[in-house]
Protein chains: 2
Amino acid sequence: MKKVTIRQIAEHLNLSIAAVSRALDGYSDISIETRQRVLDAAQEMGYVPNRAARQLRRQKTDAIGYILPAGTPGFSEAFFSEFLVGLGDETPRHRLDLLISTAGSSLEREKELYRDWVRSQKVDGFILNRIRLSDWRVRYLHENQIPFVGMENSLDGIEYPHVEVDNTGGVAALVEHIHRQGFRRLAFIGGPQDLKIQVARLAGYRQGLAHCGLDFDPDLVVESELSAAGGYQEARRLRWLSNPPDALICLNDEIAFGALHAMHDLGLVIGREVAVAGFDGVSASAHTRPPLTTLDIPIHQIAQTLVQALALRLANRPVQQNCLALTPRLLLRASTGA
Amino acid sequence: MKKVTIRQIAEHLNLSIAAVSRALDGYSDISIETRQRVLDAAQEMGYVPNRAARQLRRQKTDAIGYILPAGTPGFSEAFFSEFLVGLGDETPRHRLDLLISTAGSSLEREKELYRDWVRSQKVDGFILNRIRLSDWRVRYLHENQIPFVGMENSLDGIEYPHVEVDNTGGVAALVEHIHRQGFRRLAFIGGPQDLKIQVARLAGYRQGLAHCGLDFDPDLVVESELSAAGGYQEARRLRWLSNPPDALICLNDEIAFGALHAMHDLGLVIGREVAVAGFDGVSASAHTRPPLTTLDIPIHQIAQTLVQALALRLANRPVQQNCLALTPRLLLRASTGA
DNA sequence: TTGTAGGCGTTATCAA
DNA sequence: TTGATAACGCCTACAA
């Protein structure tokens, strides 16, 4: 593979490299016919601009970064798979590259990663999710004037383009539905307290209970790992209570998968003796047994929207609306009753 | 964020930038104490080398690419999620970056992507999977002398480091197990004919049938999309046959998830009236109902191994063994009988 | 052991 | 409308 540079095109056409460069970049101060000659030659010779050189000169990378909040071998949340594909599908449309890494388990390692990427100018901007109430990343990127967008916003008082799902309203509606189905002791299997979605969805749970005139029982709110294994464990534990719950509202589908499994192992008829529900609407939720009631959000589309917003910011063009509000769709399936 | 360059360190210490550069890179022709001064200053000033400049100078990117064989919104195979995390966990250990994109649906678009990445020198090497019997990517990268590694090898007569799972032996053993459980009409729900895994696993199916003295019936081999939805559809269709199968061997877990769902919808008791099995051992397979019998492969570790091999090739160091053979582990669970 | 200088491929600022 | 030229930040002969 002989790499063809702008200089070769110039020699080939007896032009200066400057002229070629301008023709390629579509500047107006070049004759129509010269431009065409250059374009044809470039096409024919298979010219593709060298990223590194362009980056060095323009002082930007045309790449965006996404750091997966994970790093454990078993990790497999369908959510991230769909999210990643959304990112991957959208980035090329803006002529951006997508750089990926995993954050590992420690916050310190996560910080190092972000700092390294920022300082070495690996990417022009970031996509964030799993936002925390007070999020170091938000503050750090803001301080350093690095563009970023996020799923959910943090409470650091910093404005940035984000997608906001109505977590609270969604879960409240879910709770009411489950209540209407005749379930009376609803538990909430959540995650780490500092996650934005945890707080928002838990608030929806409490709000829903209040609407239904049900008492809030702190024993019925547990903290799980964000995995099916975690959901399994906590769901079992809940059923061991002297006065166990008859419905399990899970922070996400992954946890709900584990909860379904646990309830089945305990010999319970799901949908009748116990209800289970998730959040996200990952495609696998349609294929559990029984199919999982969940709050469906368009993950793929959210990822695309985020990339679009970030691309606008990178181009210094105004993002129409800083916050895109989304209402999750309540997908009623058999896991919460026929 | 003021970006600190090698030059600033030089000025700060009254040294030439060359001296600083050498100290940083650990060359020997520099006095111990100067090196230390440089290292300290770099640390203190928060110096991180600029990627673009380094790339341009060294003519390599220190990045590897992985192009997801997907692009449909619903796409979510757990396999890729685990695979990606494996890649993401391993790349930083070799000081490599990971560049991701999605291939879209058309082969033409896939070709464009690879060509673009190669010509613009976005990455130094590639990770491939979903290898096809005769694979354009393998030939193209080989011709252009771009390092790559793959999961499975193609039949293009080109050597490259790869992980080779014993697909055939694995499925054959699975078939024998299912036969021992008393099932007699085994179907195979596969995928596109040109996929290496399809051919190898189908061969295992036939080999297993032969071992068990069962006849091969072409009606029982169907081609599905590689998704739960595809599995659902084909599984249903198979049961509509006048002489339907009582066991469904699926190309992967994703298809099996759909098959489980279909069998349940048809009111069959899975594990007794009909057996279902998958391949890959994604973590979700433990949480289906009933839990899915599958051939487990260490996806995360395979991804890591591939990155290691590629890193060695990029460093021009010999890869010990060009082919790492793996035997899948037969995970016997309830979907093929108690 | 250290400094000088040239260049990697592009883009942008000048003149011509 | 075009061409020469100087960066961008880093690396590495070669010279000192």
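## Contacts and overall build of chain A

In chain A of this predicted model, 69% of the contacts with a separation of 6 or more link residues 24 or more positions apart. Half of the chain is tucked in, too: 50% of its 338 residues count as buried.

As for what chain A is built from, there are 12 helices and 12 strands. Its C-alpha trace spans about 85 × 40 × 35 Å along the principal axes.

## Where domains 2 and 3 of chain A meet

The domain assignment splits chain A into domain 1 (6-58), domain 2 (63-163 + 299-322) and domain 3 (167-297 + 329-336). Between the C-alpha centres of domain 2 and domain 3 of chain A there are 28 Å. These two do touch: 12 residues of domain 2 of chain A are in contact with 13 residues of domain 3 of chain A.

On the domain 2 side, α5 (78-90) and α12 (299-314) of chain A each chip in at least two residues. The most comes from α5(A), which gives 3 residues. Sorted by class, that side of domain 2 of chain A has 6 nonpolar, 1 polar and 5 charged residues.

## A helix with two sides in chain B

Now over to chain B and its helix α2 (residues 17-25), where B:Ala19, B:Val20 and B:Ala23 are buried. They sit on the same side of α2(B), because they cover an arc of only 100 degrees around the axis. The buried residues of α2(B) pack against α1 (6-13) and α3 (32-45) of chain B.

Flip to the other side of α2(B) and you find B:Ala18 and B:Asp25, which are exposed. Just after the helix comes B:Gly26, with a positive phi of about 70 degrees.

Note on methods:
Residues are numbered from 1 along each chain as its sequence is written. Chains are lettered from A and ligands numbered from 1 in the order in which they are written. This is a predicted model: local features need pLDDT of at least 70, side-chain atom pairs count only at pLDDT 80 or more; totals for chains, interfaces and linings use all residues. A residue is buried if 20 or more other C-beta atoms lie within 10 Å of its own, exposed if 12 or fewer, and partly exposed in between; C-beta atoms are placed from the backbone. Helices (H or I, at least four residues) and strands (E, at least two) are DSSP runs, numbered from the N terminus. The arc is that of the directions from the helix axis to the C-beta atoms. Two residues are in contact if their C-beta atoms, placed from the backbone, lie within 7 Å. Domain bounds come from an automatic or database domain assignment. Ala, Val, Leu, Ile, Met, Phe, Trp, Tyr, Cys and Pro count as nonpolar, Asp, Glu, Lys and Arg as charged, and the others, Gly among them, as polar.
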